Amino acid sequence: MTTLANPLSEDRAADQLSRSLKSRHVSMITFGGIIGAGLFVGSSTAISTIGPAAVLSYALAGFLVLLVMRMISEMAIALPGVQTFPDFAREGIGNWAGFLVGWLYWYFWVVVIAVEAIAGAKIICAWYPQFAVWQVGVVLMALLTAVNLLSARSYGEFEFWFASVKVVAIIVFILVAGAFATGITSPTGSTFGNLTAHGGFAPAGVTAVFAGVATTIFSLCGAEIATLAAAESDEGVNTIARMTISVSVRILVFFVLSILMIVAVVPWNEIKVGVSPFAHALRTMGYPAADLVMNAIVLVAVLSCLNSGIYITSRAMFGLARNGDAPASCVTLSKARVPARAILIASLFSYAALAASVLSPDRVFNFLVNSSGAIMLFIYMLIAIAQLRLRTRFEAEAPQVLKLRMWFHPYGTWAAIAGMAGVLVLMGLTASHQVELWASVLVTAGFAVGYWVKLRFSQAA
């Protein structure tokens, strides 16, 4: 019988990250990674396209993501020496998968950093029009890069408060909207009739509900951040893995209830794409300062995602460097035990993306945004395949490590893979998503070629 290897747990004292994050930090980091502008503003696209049945699209998308989180948690507990979820792909499939998942994840979040910086800058520029969007974006990125350079604890503390504001805002909204929808505060009684009064619950048909998963699933990605943060937590990996599942369930409930309250309070056909449906619902309920309040909350959400993006990209590159897939200098830690060079490299590429938004918004920047559209699904599918292969190894070689198991194995994993494959097919069949799909395929192919080139050079050496 062979012994399961944990290559990342051996002789790494020189490049061990600090363990300064507490469980409260990690739980809020999970919230912060998911709850962003995609919910507060981006949900307008799903509602205006699908109708009240957008609730079902979010529930289906959330369930797929929850299945992936369960897979990651199973592997995290079974392989405690593995620090980042790209390394689960490396352990389960091979070095090429670890390389591909790590770089795709890094690329995805580098683009997110630039997008979030622009989104935050636009909000601030609406208040202070004397500044250009790119100027404010540069300042926001510089400030949060500095926060990440200070220490992991400073990142965690900032993210704790950023995420806390978002969570409180969602809870308050659900309670206020719930009181209005049930008729407690509404002058005209219950407003739940809005769910079916304007063309039915699914006015665009059942097909639109499933097609809507392609739009909504990306706003639910990010819970996997907790597995990255676990490497810098003083909590045990078992605690972090189980907490990731519980937090993901709560986030799914928040998303579904929020969307349900919006379409109950406001007729779905009044929702405009790009305008916060939360603000619209608050105005409908008689809160005149809704736009100001929501802009402030969206700004916090944007800063939270920007803060997390810088953290994630640096740790992804740190993990790649430890495996020889990125410059070795990125393993070097600062006195604060953070990968300072990896942080600065990620920031540099994000500044380049931000510059592209000014110099070539319709070509280069548009390609960057589109090419990140399907990447998370590619990553999640590789993680699912890794889980299937690792589970077979665990059961054959060391069944005692399976302290937390994937639901309905192997059918739960196959269902997740089929669901994500279905989303990709729908993207290919939907005109508005075709560009995103093929641009993402092109970038993925580019990184695959990069691995082949690296392999050839290493063999020649």
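Two helices count as oblique when the angle between their axes is neither under 35 degrees, nor over 145, nor from 65 to 115. With that cut-off in hand, open this predicted model and begin with a pair of helices to which it applies.

Select helix α4 (residues 54-78) together with helix α17 (residues 375-397), whose axes come within 10 Å and cross at roughly 40°. The two helices, α4 and α17, are therefore oblique to each other, and their crossing is left-handed. To see the contact, show side chains for V65, V68, M69, M71, I72, E74, M75 and A78 in α4, which meet Y380, I383, A384, A386, Q387, L390, R391 and F394 in α17. Sorted by class, this contact of α4 with α17 has 13 nonpolar, one polar and two charged residues.

Keep α4 on screen, and turn next to the enclosed space. The structure holds three cavities of 30 Å³ or more, and the largest cavity has a volume of about 70 Å³. Selecting I34, G62, V65, L66, L220, A223, S248, I251 and L252 displays the lining of this largest cavity, to which α4 and α12 (237-265) are the elements that give two or more residues. The lining of the largest cavity divides into seven nonpolar and two polar residues, with no charged ones. V65 deserves a second look, since V65 of α4 is among the residues that meet α17 and is also one of those lining the largest cavity.

Now move to helix α6 (residues 95-127), which gives 11 residues to the lining of the largest pocket, the largest share of that lining. About 1500 Å³ of space lies in this pocket. Its lining is made of 49 residues, and to find the centre one can select A37, G38, G42, V115 and E116, which lie nearest to it. By class, the lining of the largest pocket comprises 25 nonpolar, 18 polar and six charged residues.

Leave α6 selected and add helix α16 (residues 361-371); the axes of α6 and α16 come within 9 Å and cross at roughly 120°. At this angle α6 and α16 are therefore oblique to each other, in a crossing that is left-handed. On the α6 side the contact is made by Y107, V111, A114, V115 and I118, and on the α16 side by F365, F367, L368, V369 and S371. This contact of α6 with α16 has nine nonpolar residues and one polar residue, and no charged residues. V115, which takes part in the contact with α16, is also one of the residues nearest the centre of the largest pocket.

Then replace α16 by helix α19 (residues 431-460), which packs with α6 at an angle of about 135°, the axes lying 10 Å apart. The helices α6 and α19 are therefore oblique to each other, and α6 passes α19 in a right-handed crossing. Here N95, W96, F99, L100, W103, L104 and Y107 in α6 meet V443, T444, F447, A448, G450, Y451 and K454 in α19. The residues of this contact of α6 with α19 divide into 10 nonpolar, three polar and one charged. Y107 of α6 can be kept highlighted, for it belongs to the contact with α19 and also to the contact with α16.

Two stops on the backbone complete the tour. For the first, select H409 and P410, between which the peptide bond is cis, with omega near -5°; P410 is found in the loop between α17 and α18 (411-429). For the second, go to R337, in the loop between α14 (290-322) and α15 (340-359), where phi is near 65°, a positive value in a residue other than glycine.

Conventions:
Residues numbered from 1 in each chain as written. Predicted model: local features only at pLDDT ≥ 70, side-chain atom pairs only at ≥ 80, totals over all residues. Heavy atoms only, no water. 1 Å grid on protein atoms, 1.4 Å probe; cavity = no way out; pocket = protein on both sides within 12 Å on 5 of 7 lines; lining within 4 Å. Points joined across faces, edges and corners; volume = space filled by probe spheres on them. Helix = DSSP H or I, 4+ residues; strand = E, 2+ residues; numbered from the N terminus. Nonpolar A, V, L, I, M, F, W, Y, C, P; charged D, E, K, R; others polar. Axes fitted to C-alpha atoms, helices over the stretch in contact; angles between N-to-C directions. Left-handed = near helix turned anticlockwise from the far one by under 90°. Contact = heavy atoms within 4.5 Å.
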